[in-house]
Amino acid sequence: MLFKDFLWWLLKENRLVNFLYRECFVYLFPVNKQPVSADAGIIDKSSLLSSAGGGKSTRLPAIKGYSSGTTNQPLTVYRSIKSVLLEEYIIKSFYKSIAVPLRPRIAVLRGEQIKVNTDGDGIYWRQQFFSKRLLMSSYHISQSSFRAYLAALETYKPDVIMAYPSAITLLAKFAKGISWQARWKLSAVFTSSESFSKENQQLVREVFGNVFDHYGQAERVAALQQCRQQHYHVREDYSQVEFIEDEHGIRIVGSNLHNKAMVLTRYDTKDYIKGLSLDIACSCGNPAPYVEQILGRDDDYIILPDGSHIGRLDVAFKGITGLVECQLEQRALDSIIVRMVPEKAQDIHVLKAGIADNLRAYLGENVTLVFQVSDEIPRTAAGKFQSVIRSKDIDSA
Ligand SMILES: [Zn+2]
């Protein structure tokens, strides 16, 4: 563990490395505006899974990774050394654009497995010796522990908090309840890896000041990053991005430019966006195209008995007070488990009635709602929050 931390510090997190990434690597990754040939057909994960070699292109040294997928089969992805450098550059230059110090103190709330002493003093974090990162467990944030998390952050005073949206939203929700705000010089909270609603972003902003979201995917064909106007700008030095419209909306299709180990041309991310601006300038000064919102995968939906798909159900929880988190799980066509974590001292009957009313407006009367009250919502193996879980039997029905 100590050796890994040392390597991390040596290769990724010292002043010299950060300087090189920020000031010199821009020449390694010039913007290529040559349009991708429209003759190339659009490919996606299933076409790669069924192709020989799974899309691996060369015999060059490559680092293996996996695309995550909760309901789908994971895809093995291959990254060249240049692609690995690019990924780091894209984050470090993002930090530079927000004026994060050259050697930031970083607190991490991103699915880290921390050994917790549950019967002792409740330590849910660990500080790395070389990199100085404060790794905090994103699995233990609760009504009884959140004050300890906030106190630890106040003591550590990070320049940056790297977080999953669900983890920082949960912490912000509890913090707001006691009117707590980050009062040290925190450059920003940086989030990625989960969809992040505008409402939750606003909540995190109220508590922690700044929050900037990064959108990417394991296939590394598109990166979009938020500016101070909260627009998601395309990183044109990362890849070439197209926005393709279909009957469900506008989705992101990307072609990587710097990964010879797995060349992906016109790869469909299946992620949808909202509010595309191709030629309206953003007041932040970044001329790259931007979108208002990343909606994410369209697979977080419930299937009704009549076959219709109801997605984006987070709107059903708008205006509901007294609710910490909520998750829907569909195991049968005609019944849905509503798993909820209420706030302390919340009248459960009132809460259930409010949620049931809202859900009925979207799901109709032919679905039974089975409420389960719990202290926490379990995360995936990677520590991510899922707002909707649909069992495989429903998909194949
Ligand atoms: Zn902007």
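**Reading the zinc site and the core**

Modeller: Let's start with the metal: the 4 donor atoms around the zinc ion subtend angles of 102 to 116°, so the arrangement is tetrahedral (four donors with all angles between 85 and 135 degrees). This is a predicted model, in which local features need pLDDT of at least 70, side-chain atom pairs count only at pLDDT 80 or more, and totals for chains, interfaces and linings use all residues. Residues are numbered from 1 along each chain as its sequence is written, and side-chain values use heavy atoms, leaving out hydrogens and water.

Biologist: Which residues are the protein donors of the zinc ion?

Modeller: Donors are N, O and S atoms within 2.8 Å of the metal (3.2 Å for Na, K and Ca). Here they are Cys227 (SG), His233 (NE2), Cys282 (SG) and Cys284 (SG), lying 2.1 to 2.3 Å from the zinc ion. Their spacing in sequence is C-x5-H-x48-C-x1-C.

Biologist: Is Cys282 buried or exposed?

Modeller: Buried means under 20% relative accessible area, exposed over 50%, and partly exposed in between (1.4 Å probe, protein chains only). Cys282 has 8%, so it is buried; Cys284 has 32%, so it counts as partly exposed.

Biologist: How many residues does the largest nonpolar core have?

Modeller: A nonpolar core joins buried Ala, Val, Leu, Ile, Met, Phe, Trp, Tyr and Cys residues through side-chain atoms within 4.5 Å. The largest one has 37 residues, and Leu109 and Phe208 are among those with the most contacts inside it.

Biologist: Where does this core lie?

Modeller: Domain 1 (2-297) and domain 2 (301-396), with bounds from an automatic or database assignment, both give residues to this core, so it lies between them. A second, separate core of 21 residues includes Ile302 and Phe317.

How values were computed: Tetrahedral: all angles 85-135°; square planar, octahedral: opposite > 155°, others 65-115°.
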